[in-house]
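Let's look at how the words used for a protein model follow from what is computed on its atoms. Keep the picture open as you read the questions.

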Amino acid sequence: MDEGSRQGVDCPDRQAVSQLRINDQGCALGFTKFGRQPTTCSIVMDFDLTITSVHVWNTLARTGEITANRIPGDLGVDYIFGGPARLGELERFFTTLHSRGAQVMILTNNYRDVVEKCLREANLDRFVPDIIGREQPGTKGQIVSSLREKLKATNKGLWMFVDDDPHNVRNVHLATQGTVATLHVDGGSGMQMQHLQKILSMLEK
């Protein structure tokens, strides 16, 4: 689900915003692995209701300030990711992607530090070091198009975009002229086994 427009966002740290802009080498400054190693494919994923089973942004917004220091205090890891069984499925899924040489990036309208804290508490941060938060201006279609262009030297293979919001899926499809494979995560509870299997099967084509 779309957590809100990227336009006109009131960001508390403008210097941090400038550091997130994508440079000419395809690296988001401050990120750890963008474009440093050749990869078989690049998968750009949403966070809320895609990797998570609840909408973290909306849940925090309803109960107070949207800030990383409320994780996991207000929201437990099991609640965020749908319990131990689903968390185990996600870990096996990301392990498989890593073993196949896939580069996974998160593109979210949530704050980057909130996403980082959630992943760290779930021990999933080692699989997804590259996060683009709402601090980065532009639509998801514009950002994916820019990433694809700037990382073309290290990834000449498949590009994929995964999101629970059909508007974002369509936006990326149109912005990339259908050159990026897309998957809509339906159901309203994040990626389930059928979605994980679909992504893995798309990598085999």
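Q: How do you know what the buried residues of H5 pack against in this predicted model?
A: Contact means heavy atoms within 4.5 Å. In this predicted model, the buried residues of H5 pack against helix H2 (56–63), helix H3 (77–81), strand E2 (102–107) and strand E3 (130–132).

Q: Which residues of helix H5 are called buried?
A: A residue is called buried when its relative accessible area is under 20%. In H5 (residues 112–121), that holds for Arg112, Val114, Val115, Lys117, Cys118 and Leu119.

Q: What follows H5, and what is the sign of its phi?
A: Asn123 follows H5, and its phi is positive, near 60 degrees.

Q: Why is strand E1 called mostly covered?
A: Because buried means under 20% relative accessible area, you can check E1 residue by residue: five of its five residues are buried. Cys41, Ile43 and Met45 point one way from the strand, while Ser42 and Val44 point the other way, and all are buried.

Q: How do you know that E1 pairs with E2 and with E4?
A: Two strands pair if there are at least two bridges between them. Five bridges join E1 to E2, and five bridges join E1 to E4, so both cases satisfy the rule of at least two. Both of these pairs run parallel. As examples, Val44 has Met105 as its bridge partner in E2, while in E4 the partner of Cys41 is Leu158 and that of Ile43 is Met160.

Q: What makes E3 and E5 the edge strands?
A: The open sheet has five strands in the order E3-E2-E1-E4-E5, with parallel pairing. E3 and strand E5 (181–184) each pair on one side only, and they are the edge strands. From one strand to the next, the twist averages 20 degrees.

Q: What makes a set of residues a nonpolar core, and which members of the largest one touch the most others?
A: The members must be buried residues of certain kinds, Met, Val and Phe among them, joined through side-chain atoms within 4.5 Å. The largest nonpolar core has 43 residues, and Met45, Val56, Phe81, Phe94 and Met191 touch the most other members. The largest share of this core, five residues, comes from H4.

Q: Which residues does Met45 touch?
A: Not counting residues up to four places away in sequence, Met45 touches residues including Phe93, Phe94, Leu97, Val104, Val162, Met191 and Ile199.

Note on methods: Residues are numbered from 1 along each chain as its sequence is written. This is a predicted model: local features need pLDDT of at least 70, side-chain atom pairs count only at pLDDT 80 or more; totals for chains, interfaces and linings use all residues. Side-chain values use heavy atoms; hydrogens and water are left out. Buried means under 20% relative accessible area, exposed over 50%, partly exposed in between (1.4 Å probe, protein chains only). Helices (H or I, at least four residues) and strands (E, at least two) are DSSP runs, numbered from the N terminus. Axes are lines fitted to C-alpha atoms, for helices over the stretch in contact, and angles run from 0 to 180 degrees between N-to-C directions.
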